Amino acid sequence: MQYLDQIDESRLYSNYGPLNTSFEKRVLEEWFSNIGGVTTVNNATTGLMLAISTIKHARGRYALMPSFTFAATPLAAQWCGLTPYFIDIVEDSWVMNENLVEDALKKLGDEVAVIVPYATFGTDLDLSYYRRLHEKGFPVVVDAAPCFGTLGRNGQFGKTFPGAVVFSLHATKTFGIGEGGLVYSGDVELIQRIRRASNFGFSDQRETVQFGLNGKLPEYSAAVALATLDEFPHKILTRRNMFRRYVAQLEEGGLFGRGWVMQRTEGEIPNQFVPILCPSGKPNTYFIGRLKENYIEARTYFCPTCHEQAHFVSYPASTLEITERISRRTISLPLFDEMEMEDISRVVHTLESADDQL
């Protein structure tokens with residue numbers, strides 16, 4: 001309420017108002033050590049579009065990205081006039097295979113307009129390779145949708161990275177404000193260009209001087225963001241503790257010995273759900289159905305993968321053998337702030353029972 005009252009006092013409701021400015025300032029100070037710059041956007045898809053359109057090679061044609069990601073990523077590239085080019089993932093970490101990225105770069109050369117790696121499910125993806133690519137002239141936009149709050153090699157994920165790093169603040173994320181996004185870069189000038197693009201490409205004289213759209217975050221969303229920021233360290237600890245309890249329950253139930261597999265991750269992740277693979281040869285849809293029968297909602301991120309969806313089936317790709325194998329087994333188990341130990345036990349026991357009966 002204190003933040004909502006400030007909106008009515010200021011009579012400013014959008015256009016980078018005081019609450020939005022305060023949120024950006026606090027994020028940069030508290031999470032990025034005042035290195036680089038940040039700008040809010042009205043959602044992460046808009047953030048991807050703005051970042052890609054600002055950074056891409058003008059003569060390029062392709063956007064390299066994994067197919068094991070949300071549809072927003074290839075759609076954002078298409079809105080920027082590019083063709084998605086799907087790359088297979090690594091078996092245990094589920095992130096884009098850098099060797100196959102290298103093969104695609106050799107094959108396509110200057111036709112590559114941008115590279116869009118995805119930090120799968122919030123992992124602290126090692127950005128060393130992508131930093132080298134960006135510095136060699138291959139623009140990189142990191143899809144870091146679930147990564148705000150991920151701590152790893154350099155502190156907050158993405159800190160100092162010279163390309164663009166796009167975070168989602170959607171309601172499904174641990175830092176959820178309903179709808180919203182955040183774009184970070186170690187390159188302050190790049191953030192200034194993206195920010196200008198999100199306000200119709202306006203100069204200080206309100207003249208459109210570059211390609212743009214309306215991507216601004218309203219002050220009401222900034223109020224929720226500030227309130228969430230106040231509680232975020234506690235939310236992260238709560239989520240991590242629940243994730244550890246999940247793992248302990250899964251181990252105690254013997255599921256790992258039956259072929260259930262978890263992602264190999266890096267860093268400390270503010271988990272939005274629990275990603276896991278069901279045993280090979282057993283369809284994830286069966287377990288999703290059994291959970292639903294017990295009034296437990298789970299999802300299959302990402303099944304079908306992007307290249308298997310009707311809109312994207314005709315787009316070029318590397319071999320996608322691992323992507324297809326992993327996606328058929330993936331299940332995202334529920335994780336939320338008010339979850340109790342008995343909730344976790346109920347989910348795990350349902351999986352045990354379903355596995356026994358299949």
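I began with helix α2 (residues 18-32; helices are DSSP runs of H or I, at least four residues, numbered from the N terminus), which has 15 residues and reaches 20 Å from its first C-alpha to its last. That is close to the 21 Å expected at 1.5 Å a residue, the expected span being 1.5 Å times one less than the number of residues. I noted that the model is predicted: local features need pLDDT of at least 70, side-chain atom pairs count only at pLDDT 80 or more, and totals for chains, interfaces and linings use all residues. Residues are numbered from 1 along each chain as its sequence is written, and side-chain values use heavy atoms, with hydrogens and water left out.

I looked up burial in α2 (buried is under 20% relative accessible area, exposed over 50%, partly exposed in between; 1.4 Å probe, protein chains only). The buried residues include F23, E24, V27 and W31. After α2 comes S33, with a positive phi near 55 degrees.

I then searched for salt bridges (a side-chain nitrogen of Lys or Arg within 4 Å of a carboxyl oxygen of Asp or Glu) and found 20 in the whole structure. E24 pairs with R195, the closest N and O atoms being 2.9 Å apart. E24 lies in α2 and R195 in helix α7 (residues 188-197), so the pair ties together parts 171 residues apart in sequence. E24 is buried at 8%, whereas R195 is partly exposed at 23%.

I also checked R290 and E293, which form a salt bridge at 3.4 Å and both lie in helix α9 (residues 284-293), three residues apart. R290 is buried at 15%, while E293 is exposed at 54%.

Terms used:
Helix = DSSP H or I, 4+ residues; strand = E, 2+ residues; numbered from the N terminus.
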